[in-house]
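User: I would like to go through this model with you, one topic at a time. Please start wherever you think is useful.

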Amino acid sequence: MIFLLQNLITGIMLGMVYATLALGFVVLHKSTGILNFAQGGLVAMGAYICWALIEQVGLNSWLSIILTLILCFVLGLILERFPIRLIAKRVGGHAFAMILATFMLLVFFTSLIVLIWGGVWQTYPRFFPSKPITFLTLVISQEQCWSAVICAGLLAIFVLLFRYTKLGLLMRGTANDLHIARSLGVRVNTIIAISWGISSAICGLGGILLGAITVVNLSLSEIGLAALPAAIVGGMNSIPGAILGGLIMGTTICIFDAYIGSGFGIIGSYVIMIAVLLIRPWGILGSEKTQRV
Amino acid sequence: MLLPDTVAAGNYRQELAILKTSFQKGMLAIFFVLLILLPQFPFVSDYWVRIVINFSITIITVVGLNILTGLCGQGSIAQAAFMAVGAYLSVILTGKCGLPFWVALPCAAVFAGTLGAFFGLSALKVRGLYLFLVTLGAHFIIEYAIIHIPGLTGGQTGIAVSPPKLIGYAFKSLRSYYYIVIIFLIIAIFVAKNLIRTHIGRAWMAIGNKDMVAKAMGINVYHYKLLAFFVGCAYAGVAGSLWAHSKSWLAPEDFSLMQACWFLGMIIVGGLGTVLGSILGTVLLLGLGEITTYAGPAIGKVFPALSMGIFAASSQLVYSLIILLFLVFEPDGLIHLWYRVRMSFKPATRDKEIT
């Protein structure tokens with residue numbers, strides 16, 4: 001019982017990080033219809049950039065985290081500008097070309113990391129106190145706890161941003177119908193570029209948190225991709241869906257890993273994703289879009 | 001994308017023919033003779049024979065993937081995993097059950113194809129992006145299964161492979177195995193070419209353009225989608241089986257997700273939906289890979305500061321950049337480039353639209 005509870009709590013805390021990463025997928029998919037596989041690469045990239053700023057440049061930890069987020073935001077803007085907008089112009093709505101393009105960006109980033117930093121394992125200096133909290137017989141690591149809190153705060157900020165600010169309104173409008181938004185005077189290209197920036201910055205933050213919980217290494221890109229089933233299960237066009245999906249996936253991964261065997265968690269998440277796709281392709285909280293012929 | 005043909009066909013039969021002129025027939029015959037004689041030339045080392053074998057096996061997979069993704073429009077990133085299924089099944093059948101290679105290879109093809117069609121069942125429900133995600137899941141599931149059934153597959157360490165035999169003759173050397181691969185390559189290419197020009201190929205083309213329209217025209221969309229999955233994955237199974245028996249040891253890291261990415265890149269670089277395109281794309285990308293592995297140590301001698309790991313990473317970097325550049329500047333691939341070059345040498349006989 002304690003073992004189950006322990007895993008549930010770890011799962012929920014991990015789930016908050018997955019929810020944040022899933023939010024990155026959803027923000028981009030909502031406004032552009034693109035599923036960005038390069039997010040996995042951006043997660044690893046963010047983790048490595050932050051490590052380089054702390055250890056190689058010698059900046060203060062918090063300053064370098066903020067700098068990393070800004071760099072990731074700019075990276076997102078650049079990505080949208082160079083390959084993505086050009087490809088969208090050339091091949092239009094051909095989804096397959098776009099998927100392949102983002103996959104190639106994933107390869108590009110992972111090989112760039114190997115090229116610059118050699119792909120070796122690195123560790124951050126501790127951001128958070130390392131002493132675990134013991135509550136009755138449960139042991140909760142403070143790092144996981146704090147990252148869950150940060151993610152929860154970030155998710156709240158984004159929900160408010162989308163609901164109550166002008167930028168959120170413009171983004172929702174663009175997501176709803178690109179052409180109508182454009183005809184109403186929304187600078188659609190700017191909005192799409194901002195979505196790319198936001199989703200990359202979210203990836204960077206996710207990378208730093210995952211790197212702080214475990215170690216900074218290349219497999220962060222696979223963990224970053226593991227947020228994809230979370231986004232699908234929750235619903236690709238729903239922000240509450242991303243949070244729900246992240247929590248579901250976090251707990252299932254932890255419980256499968258604990259009860260069936262290490263490594264099965266990720267597979268289990270993909271099995272659940274396939275099941276959801278077959279039963280309810282638009283996700284638990286997503287809305288079904290009518291398909292035009 | 002145009003369907004160009006600079007040779008004006010006189011009738012329907014000629015229009016459908018794979019080889020249209022006696023010049024094409026002659027070139028093909030010369031090419032076959034060269035292929036068969038290749039290992040006999042004194043200047044061709046084992047290294048080159050190995051390269052031709054690798055190229056041929058990859059071409060078989062990529063042709064299958066091009067039928068599935070390029071022609072029928074069903075994106076799949078699990079092709080490397082289906083290759084692994086074919087490879088492991090044929091090694092297990094020959095090693096543990098003692099069946100001959102010639103029985104194991106069709107078994108591997110049918111099994112990989114059936115498994116592909118099983119995952120393709122989701123095409124009944126989802127399409128496009130989401131189908132792609134299902135195949136991504138399929139890749140991870142198959143990879144996990146292979147690594148975690150060590151009793152059958154040898155797990156992470158791998159499994160020993162026995163060379164194929166024919167009436168007491170064992171194809172132990174690379175040069176003898178070369179002929180098996182070449183024969184299967186030729187069969188695979190002709191089967192694909194023939195499938196594409198029959199009613200099945202036309203149905204796939206219609207589904208690839210717009211599946212709802214194809215349905216409205218009376219094509220049984222689900223039947224043909226499943227058939228495309230079966231054929232595409234059976235090609236991967238054959239290629240996997242050939243790949244496994246070309247080596248003496250089979251390990252799961254040969255069939256990574258990255259490998260599947262390159263297969264997709266090859267059909268983009270070559271051209272979607274054509275057999276010639278698959279061949280061109282494979283030759284270009286794999287050729288670049290060979291050049292980097294060949295030139296890497298030479299450059300490393302001049303600049304000792306660069307290590308081998310950096311070369312491996314930089315070749316991947318170059319690969320991904322090339323595929324991105326193709327997506328931006330020539331999304332129709334090398335085949336389109338080749339058609340344009342060919343068109344510019346021909347007098348205008350008919351109005352042809354070039355897009």
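Analyst: Let us start with A:Leu67, which is partly exposed in this predicted model, with a relative accessible area of 33%. A:Leu67 lies in helix α3 of chain A, residues 61–91.

User: Which nonpolar patch on the surface does A:Leu67 form part of?

Analyst: The patch consists of A:Leu63, A:Ile66, A:Leu67, A:Ile70, A:Val74 and A:Ile78. Together they have about 510 Å² of accessible area.

User: And A:Leu53, what does it touch?

Analyst: Not counting residues up to four places away in sequence, A:Leu53 touches A:Gly58, A:Leu59, A:Ser64, A:Leu67 and A:Thr68. A:Leu53 is found in helix α2 of chain A, residues 39–57.

User: Is A:Leu53 buried or exposed?

Analyst: A:Leu53 counts as buried because its relative accessibility is 13%, and the limit for buried is under 20%. Its C-alpha atom is 9.0 Å from that of A:Leu63, a residue 10 places away in sequence.

User: Changing topic: how confident is the predictor in the complex, in terms of ipTM and pTM? And what does chain B average in pLDDT?

Analyst: The complex receives an ipTM of 0.87 and a pTM of 0.89 from the predictor. Chain B averages a pLDDT of 85, and 91% of its residues score at least 70.

User: Now the interior. Which residues touch the most other members of the largest nonpolar core?

Analyst: They are A:Phe37, A:Phe103, A:Tyr124, B:Leu136, B:Trp204 and B:Leu242, in a core of 203 residues. Helix α4 of chain A, residues 95–117, supplies the largest share of this core, with 16 residues.

User: What does B:Leu136 touch?

Analyst: Leaving out residues up to four places away in sequence, B:Leu136 touches A:Phe37, A:Phe103, A:Leu228 and A:Tyr270 in chain A, and B:Ile77 and B:Leu257 in chain B.

User: A:Tyr124 was on that core list as well. What is the C-alpha separation between A:Tyr124 and A:Ala212?

Analyst: The C-alpha atoms of A:Tyr124 and A:Ala212 are separated by 6.3 Å, with their positions 88 residues apart along the chain. A:Ala212 is in helix α8 of chain A, residues 188–213. With the same exclusion of residues up to four places away, A:Ala212 touches A:Tyr124, A:Phe127 and A:Glu143.

User: Why does A:Ala212 count as buried?

Analyst: A:Ala212 counts as buried because its relative accessibility is 16%, and buried means under 20%.

User: Let us turn to salt bridges. How many are there over all chains?

Analyst: A search of the whole structure finds five. One of them joins B:Asp46 and B:Arg175, at 3.0 Å from N to O. B:Asp46 lies in helix α3 of chain B, residues 46–71, and B:Arg175 in helix α8 of chain B, residues 174–197, so the pair ties together parts that are 129 residues apart in sequence.

User: Are B:Asp46 and B:Arg175 exposed or buried?

Analyst: Neither label applies: B:Asp46 counts as partly exposed at 43% relative accessibility, and B:Arg175 counts as partly exposed at 28%.

User: Which residue does B:Lys225 form a salt bridge with?

Analyst: The partner of B:Lys225 is B:Asp211, with the closest N and O atoms 3.1 Å apart. The pair links helix α11 of chain B, residues 221–245, where B:Lys225 lies, to helix α10 of chain B, residues 211–216, which holds B:Asp211. B:Lys225 and B:Asp211 are both buried.

User: And which residue pairs with A:Glu80?

Analyst: A:Glu80 forms a salt bridge with A:Arg85, and their closest N and O atoms are 3.0 Å apart. A:Glu80 and A:Arg85 are both buried.

User: One last residue: where is B:Val91, and what does it touch?

Analyst: B:Val91 is in helix α4 of chain B, residues 79–95. Apart from residues up to four places away in sequence, B:Val91 touches B:Lys96, B:Ile159, B:Ala160, B:Val161, B:Ala244, B:His245 and B:Leu250. B:Val161 is 70 residues from B:Val91 in sequence, yet their C-alpha atoms are 6.1 Å apart. B:Val91 is buried, with a relative accessible area of 1%.

Conventions: Residues numbered from 1 in each chain as written. Chains lettered and ligands numbered in written order. Predicted model: local features only at pLDDT ≥ 70, side-chain atom pairs only at ≥ 80, totals over all residues. Heavy atoms only, no water. Patch = residues over 30% accessible without salt bridge, like charges linked within 9 Å, V, L, I, M, F, W, Y side chains within 5 Å. Areas by Shrake-Rupley, 256 points an atom, 1.4 Å probe, with all protein chains shown as cover. Salt bridge = Lys/Arg side-chain N within 4 Å of Asp/Glu carboxyl O. Helix = DSSP H or I, 4+ residues; strand = E, 2+ residues; numbered from the N terminus. Buried < 20%, exposed > 50% of the residue type's maximum accessible area, 1.4 Å probe, protein only. Core = buried A, V, L, I, M, F, W, Y, C linked by side-chain atoms within 4.5 Å. Contact = heavy atoms within 4.5 Å. pLDDT = per-residue confidence, 0-100.
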